[in-house]
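Hi everyone, thanks for coming. Today I'd like to walk you through one protein chain, step by step. Please have a look at it first.

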Amino acid sequence: MATPAVGAACLLLARAAGPGPRRRSGGGDQARPRRLQRAVRWRCVAELSREGPAPRPMPPAQLAPPLVPGFLAPPREPEREPASTPPPVPDDSLGDLDLELEEIPEDYINDTVVVASEQDSAIMIGKEQARAEVTHSIVFVTGEASPYAKSGGLGDVCGSLPVALAARGHRVMVVMPRYLNGTSDKNYANAFYTEKHIRIPCFGGSHEVTFFHEYRDSVDWVFVDHPSYHRPGNLYGDKFGAYGDNQFRYTLLCYAACEAPLVLELGGYIYGQKCMFVVNDWHASLVPVLLASKYRPYGVYKDARSILVIHNLAHQGVEPASTYPDLGLPPEWYGALEWVFPEWARRHALDKGEAVNFLKGAVVTADRIVTVSKGYSWEVTTAEGGQGLDELLGSRKSVLNGIVNGIDINDWNPATDKHIPCHYSADDLSGKAKCKAELQKELGLPMRPDVPLIGFIGRLDYQKGIDLIKLIMPDLMREDIQFAMLGSGDPELEDWMQSTESNFKDKFRGWVGFSVPVSHRITAGCDILLMPSRFEPCGLNQLYAMQYGTVPVVHATGGLRDTVENFNPFGDNGEQGTGWAFAPLTTENMLWTLRTAISTYREHKSSWEGLMKRGMSKDFTWDHAAEQYEQIFQWAFIDQPYVR
């Protein structure tokens with residue numbers, strides 16, 4: 001395999017070929033663009049043919065320090081002599097090439113990228129993507145990431161944000177469990193066994209985990225393998241409820257994530273100690289505690305930082321206090337995770353309510369805290385939205401920020417979506433009407449283009465406000481509308497969807513379950529998307545809806561309030577807004593807002609088209625969110641790391 005230095009030498013040669021001002025000394029030293037580029041390509045290919053293709057350009061990283069006795073990693077193998085770096089090629093050394101002069105535009109070289117690989121070695125023309133001013137080694141720790149394992153928005157975020165950061169020049173690793181359901185592991189088919197294993201001292205024993213690795217989209221996807229991740233059911237439980245050993249499973253993940261940057265040679269280099277750990281929700285929340293209690297006291301990770309990303313504060317990883325010794329943490333660190341339930345939440349009179357709380361431990365020890373919208377960053381500091389952590393989060397308000405999630409426009413783009421029957425864009429909306437007709441046909445509804453089609457996509461539970469939709473449905477069915485729902489969850493609500501469909505065959509369809517292609521077709525085919533969530537840290541469906549020209553009607557909470565701008569027909573610069581956000585959350589408010597949207601759809605076609613186009617023009621891409629995360633990284637490295 002070629003060393004990274006070979007690729008660097010090729011780029012150096014390319015830069016020597018131009019762009020720069022043309023030099024004229026005497027009569028012979030003139031610009032040599034086109035033929036010199038050809039010679040550069042030949043020289044690059046010659047280097048690669050001797051060494052093999054470089055897998056990716058990689059900045060040298062510092063080697064891991066000697067591990068303190070008692071740390072998890074096995075002894076390192078003897079270090080190999082690093083490959084020598086070829087010296088820079090001076091511009092004058094190219095003068096002996098027999099080149100003919102050929103005029104080309106002066107800005108031609110500015111957009112030239114040298115590509116040298118096994119499949120293709122050529123000089124391609126293309127615009128360089130925006131790069132970060134300062135790059136970091138970033139380690140995402142998560143319980144799920146799309147497309148490998150996903151149960152909700154967390155999987156979408158951790159499958160897309162790392163790719164966006166890598167595209168901006170950062171070195172990015174994602175550490176997650178290697179879930180196997182006992183029948184197939186096709187999601188991990190391209191991940192190879194790294195032959196690295198560690199033993200983790202916790203839960204009364206020493207548990208061995210191994211690492212698998214896949215390099216995709218410029219990201220190192222690292223999968224922690226252990227038998228506790230191999231079982232039927234979903235990621236966190238089965239039909240009987242949450243797995244009883246989830247605390248054990250995600251303790252292993254956190255320990256393994258702390259060791260991965262020290263022991264895994266990915267692309268020829270370890271990540272080393274100066275990492276930015278991005279820990280997501282309670283599953284990864286033990287990482288900042290481990291850094292503070294088991295690494296920094298021994299001089300390891302003293303230059304690392306950690307950021308806690310809260311996707312949903314309702315899930316905190318709370319277990320009985322008696323489980324604390326199982327975590328392998330020093331006894332004096334119990335206070336970081338200590339949690340006491342209020343009296344009303346205790347099971348009986350003798351219950352002291354003592355527990356350990358993974359998420360609380362991260363709130364205490366992380367260097368920065370990020371929520372997935374600005375609105376949610378305020379809500380978590382209130383008694384109503386703080387889920388018992390409001391006072392603690394309020395005390396850390398100086399390091400608390402909100403960043404709205406992005407959407408993957410490779411998957412969610414009406415101009416290219418493979419799941420919808422007809423493509424369209426803000427410049428040509430004709431395809432949306434065809435998508436609506438095809439959706440009505442698929443669902444067995446009357447194909448009426450004049451009738452507003454309202455959609456709902458999500459879990460059938462209390463958070464999503466399904467009980468309120470159920471209450472207004474009799475009144476809503478008196479309107480000349482159609483309604484389509486996709487979701488699963490509470491069995492009683494699933495039964496209600498099916499009974500409502502039988503009572504209103506020409507107006508209502510309920511699809512029990514979840515299907516990615518169907519969710520795309522509902523998003524594209526509906527006119528209105530309803531999201532009456534009681535709380536919504538960010539929400540993605542309203543972002544998808546606006547991208548597809550579907551107008552959202554939402555409860556003004558969390559990320560919904562941040563992303564949906566209320567329609568105003570009398571704005572200073574004409575009509576404004578991308579949908580309707582109503583508050584407070586009552587059946588009367590929701591029904592009145594829906595009727596307003598329905599009448600706007602019927603009676604003000606030009607205003608409705610403006611709503612669609614303004615929504616489609618919003619920038620909710622991950623690149624925009626990645627820029628904001630880079631600012632958080634910069635602030636985190638300015639401050640000293642958490643030290644007790």
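Let's begin with rings: how many aromatic pairs does a search of the whole structure find? The search finds 22 aromatic pairs. One of them is formed by Y236 and Y250, whose rings are tilted, with 50° between the planes and 6.0 Å from centre to centre. This pair links distant parts of the chain, 14 residues apart: Y236 is in the loop between β7 (219–225) and β8 (237–238), while Y250 belongs to helix α4, residues 246–263. Are these two tyrosines buried or exposed? Y236 has a relative accessibility of 19% and counts as buried, because the cut-off for buried is under 20%. Y250 is buried too, with a relative accessible area of 0%.

Before I go on, please keep in mind that this is a predicted model. Here is the overall picture. The chain has 644 residues, and 52% of them count as buried. Its secondary structure comes to 18 helices and 24 strands. If you take the contacts with a separation of 6 or more, 72% come from residues 24 or more positions apart.

Now to a sheet. In which order do its strands lie? Going across, you meet β5-β6-β7-β4-β3-β10-β11-β15-β16, so to speak a list of nine strands in an open sheet with mixed pairing. At the edges stand β5 (192–202) and β16 (400–402); each has a single partner strand, so one side of each is left without a neighbour in the sheet. On average, neighbouring strands here are turned by 25° against each other, direction ignored.

Let's zoom in on one pair of strands. Strand β6, residues 205–216, and β7 are antiparallel and share seven bridges. Within that pairing, F212 stands opposite F223 in β7. Helix α4, the one that holds Y250, packs on this sheet, where it touches β3 (137–141), β4 (171–177), β5, β6, β7 and β10 (275–280). The direction of α4 makes about 120° with that of β5. Helix α5, residues 286–295, also packs on the sheet, and touches β3, β10 and β11 (305–310). Its direction makes about 140° with that of β10.

Those two phenylalanines come up again. F223 is part of one aromatic cluster, together with Y148, Y188 and W221. F212 has R178 lying over its face, at 3.9 Å from the ring centre. There is another arrangement of this kind elsewhere: R534 lies over the face of Y462, at 3.7 Å from the ring centre.

Next, the other end of the strand order. β11 and β15 run parallel and pair over four bridges, with V309 and V370 as bridge partners. β15 and β16 are parallel as well, joined by three bridges, and there V370 stands opposite N401. Which residues cover the two sides of β15? In this strand, residues 368–371, R368 and V370 lie on one side and I369 and T371 on the other, and all are buried, with both faces covered. Here is a handy rule for that pattern. In a regular strand, side chains alternate between the two faces of the sheet.

Let's move along the chain to helix α13, residues 516–525. How many of its ten residues are buried? Seven are, which leaves the helix mostly covered. The buried ones are V518, S519, H520, I522, T523, A524 and G525. What covers them includes α10 (430–443), β17 (453–457), β18 (482–487), β19 (508–512) and α14.

T523 brings us to a residue I like, T550. You will find T550 in the loop between α14 (541–547) and β21 (551–555). T550 has a relative accessible area of 2%, so it is buried. A polar atom of its side chain lies 2.6 Å from the backbone oxygen of T523. Leaving aside neighbours within four places in sequence, the contacts of T550 include T523, A524, K432 and A545.

One last stop is D495, in helix α12, residues 491–503. Is D495 buried or exposed? Neither quite: at 47% relative accessibility, D495 counts as partly exposed. Its C-alpha atom is separated by 9.7 Å from that of G510, 15 residues apart along the chain.

That's my tour, and I'm happy to take your questions.

Terms used. Residues numbered from 1 in each chain as written. Predicted model: local features only at pLDDT ≥ 70, side-chain atom pairs only at ≥ 80, totals over all residues. Heavy atoms only, no water. Buried < 20%, exposed > 50% of the residue type's maximum accessible area, 1.4 Å probe, protein only. Polar contact = N/O pair within 3.5 Å; in protein donor to acceptor, adjacent residues only side chain to side chain. Contact = heavy atoms within 4.5 Å. Phe/Tyr/Trp six-rings, centres within 6.5 Å; stacked < 30°, edge-to-face > 60°. Lys NZ or Arg CZ within 6 Å of the ring centre and 35° of its normal. Pairing = 2+ DSSP bridges. Axes fitted to C-alpha atoms, helices over the stretch in contact; angles between N-to-C directions.
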